Amino acid sequence: MSVPRVCAHRGATDERPEQTMLAYSRAVELGADTVELDVRLTADQQLAVFHDATLERTTNGSGRVGAMSLAEVRKLDAGSWFDARFFASTVPTVPQVLEFAESASIDLCIEVKAESPQEALETAGVLAETLSSHGALGEHLISSFDMGALSAVRSNFPNARLLPWMPEDRPPDVAEHLEVSRLLQAEGVFHTASLLTAAHVREMQDAGLAVWVWSSDDPGELAHAYSLKPDVVSAGSVASNLAVRSKASAT
């Protein structure tokens, strides 16, 4: 099996403010193979590249992302919370990130974030339409915990690349994962590394699925992630991820 690829989860989040262009560009500079990011729908039905439902943690704004227009969200300072040096950082748009990905020759995993099934459905639809209009539908992965939203994308956009997130609140059920992936015609699954065994991963890979796993930046947890022999390991610290991959590859 080939060496797992390194995914920068929300960018290089230990060195730059998460979900900003600075975080993504730094991830590529360090050697990340791919980047994971999240999107949320704004009040004017646009996509903001943002993880949380509310603005307080990573901007100088307050309230819900979905209660503001994209232009309003874009005016916020998305960097000073991390370090005052990054005060000029703003919340990216999907076209910005797509342009960056093309110039950097990397692929993206874009996760749909929402507070309800209906919002997930709408967000996934806007994302798929945006990717399609930019000629990028076949280049990047659409991910979500909401299987209904991914199913709608599959129905309306047959060429979309889907990567469902598997449940984090219960032990893995490989048979269920395989069935969900079959119904969605997904090319893989995203899972939490700490919940999995190597046998789980091998069974899914033997069924033809690419297995992406998320890990914290803790070296022990990253080592466990690599011991699973997945296809992709996603973590916020690209440097730590690369270091553990190098060590795992040498053994």
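**Leu-37, cores, pockets and cavities**

Q: Which residues does Leu-37 touch, leaving out those up to four places away in sequence?
A: Leu-37 touches Gln-19, Tyr-24, Val-49, Val-97, Leu-108, Cys-109, Ile-110 and Glu-111. Keep in mind that this is a predicted model.

Q: Where does Leu-37 lie?
A: In strand S2, which spans residues 34–41.

Q: Is Leu-37 buried or exposed, and why?
A: Buried, because its relative accessibility is 1% and the cut-off for buried is under 20%.

Q: How far apart are Leu-37 and Ala-114 in space?
A: They are 14 Å apart, C-alpha to C-alpha. In sequence they are 77 residues apart.

Q: Which residues touch the most other members of the largest nonpolar core?
A: Leu-37, Leu-108 and Ile-142. That core has 57 residues.

Q: And what does Ile-142 touch?
A: Past four places in sequence, Ile-142 touches Ile-110, Val-112, Leu-127, Ala-128, Leu-131, Leu-150, Val-153, Arg-161, Leu-162 and Leu-163.

Q: What other core lies apart from the largest one?
A: Another core, of 10 residues. Leu-55, Leu-70, Val-73 and Leu-76 are among its members.

Q: Back to strands. Which strands are joined to S1 by bridges?
A: S9 and S2. S1 and S9 run parallel, with 4 bridges between them. S1 and S2 also run parallel, joined by 3 bridges.

Q: Which residues stand opposite Val-6 and His-9?
A: Val-6 stands opposite Val-233 in S9. His-9 stands opposite Glu-36 in S2.

Q: How many residues of S1 are buried?
A: 4 of its 5 residues, so S1 is mostly covered.

Q: How many residues of S7 are buried?
A: 5 of its 5. S7 covers residues 188–192.

Q: Which way do the residues of S7 point?
A: Gly-188, Phe-190 and Thr-192 point one way. Val-189 and His-191 point the other way.

Q: What is S7 paired with?
A: Strand S8, residues 210–214. The two run parallel, with 5 bridges. Phe-190 has Trp-212 in S8 as its bridge partner.

Q: Switching to pockets. What volume does the largest pocket have?
A: About 270 Å³.

Q: What lines the largest pocket?
A: The lining has 14 residues. Pro-4, Tyr-226, Lys-229, Ala-248 and Ser-249 lie nearest the centre. By class, the lining has 7 nonpolar, 4 polar and 3 charged residues.

Q: Which helices supply at least two residues of that lining?
A: Helix H8 (219–227) and helix H9 (238–250). H9 gives the most, with 5 residues.

Q: What about the second largest pocket: what volume, and which residues line it?
A: The volume is about 170 Å³. The lining is Leu-98, Ala-101, Glu-102, Ile-106, Asp-107, His-134, Gly-135, Ala-136, Glu-139 and His-140.

Q: Which helix gives the most there?
A: Helix H3, residues 94–104, with 3 residues. Overall, the second largest pocket is lined by 4 nonpolar, 3 polar and 3 charged residues.

Q: How many cavities of 30 Å³ or more are there?
A: 2. The largest has a volume of about 60 Å³. The second largest has about 40 Å³.

Q: Which residues line the largest cavity?
A: Glu-18, Gln-19, Val-49, Phe-50, His-51, Asp-52, Arg-57, Thr-58, Ala-78 and Val-91. They divide into 4 nonpolar, 3 polar and 3 charged. Gln-19 and Val-49 are also among the contacts of Leu-37.

Q: And which line the second largest cavity?
A: Arg-40, Leu-41, Ala-53, Arg-64, Val-65, Gly-66, Glu-115 and Glu-119. That makes 3 nonpolar, 1 polar and 4 charged residues.

Q: Last one, Trp-81. Where does it lie?
A: Trp-81 is in the loop between helix H2 (70–74) and H3.

Q: Why does Trp-81 count as partly exposed?
A: Because its relative accessible area is 34%, and partly exposed falls between the 20% and 50% cut-offs.

Q: What does Trp-81 touch?
A: Not counting residues up to four places away, Trp-81 touches Pro-17, Glu-18, Arg-57, Thr-58 and Thr-59. Pro-17 is 64 residues from Trp-81 in sequence, but 7.8 Å away C-alpha to C-alpha. Glu-18, Arg-57 and Thr-58 also line the largest cavity.

Note on methods:
Residues numbered from 1 in each chain as written. Predicted model: local features only at pLDDT ≥ 70, side-chain atom pairs only at ≥ 80, totals over all residues. Heavy atoms only, no water. Buried < 20%, exposed > 50% of the residue type's maximum accessible area, 1.4 Å probe, protein only. Pairing = 2+ DSSP bridges. Core = buried A, V, L, I, M, F, W, Y, C linked by side-chain atoms within 4.5 Å. Contact = heavy atoms within 4.5 Å. 1 Å grid on protein atoms, 1.4 Å probe; cavity = no way out; pocket = protein on both sides within 12 Å on 5 of 7 lines; lining within 4 Å. Points joined across faces, edges and corners; volume = space filled by probe spheres on them. Nonpolar A, V, L, I, M, F, W, Y, C, P; charged D, E, K, R; others polar.
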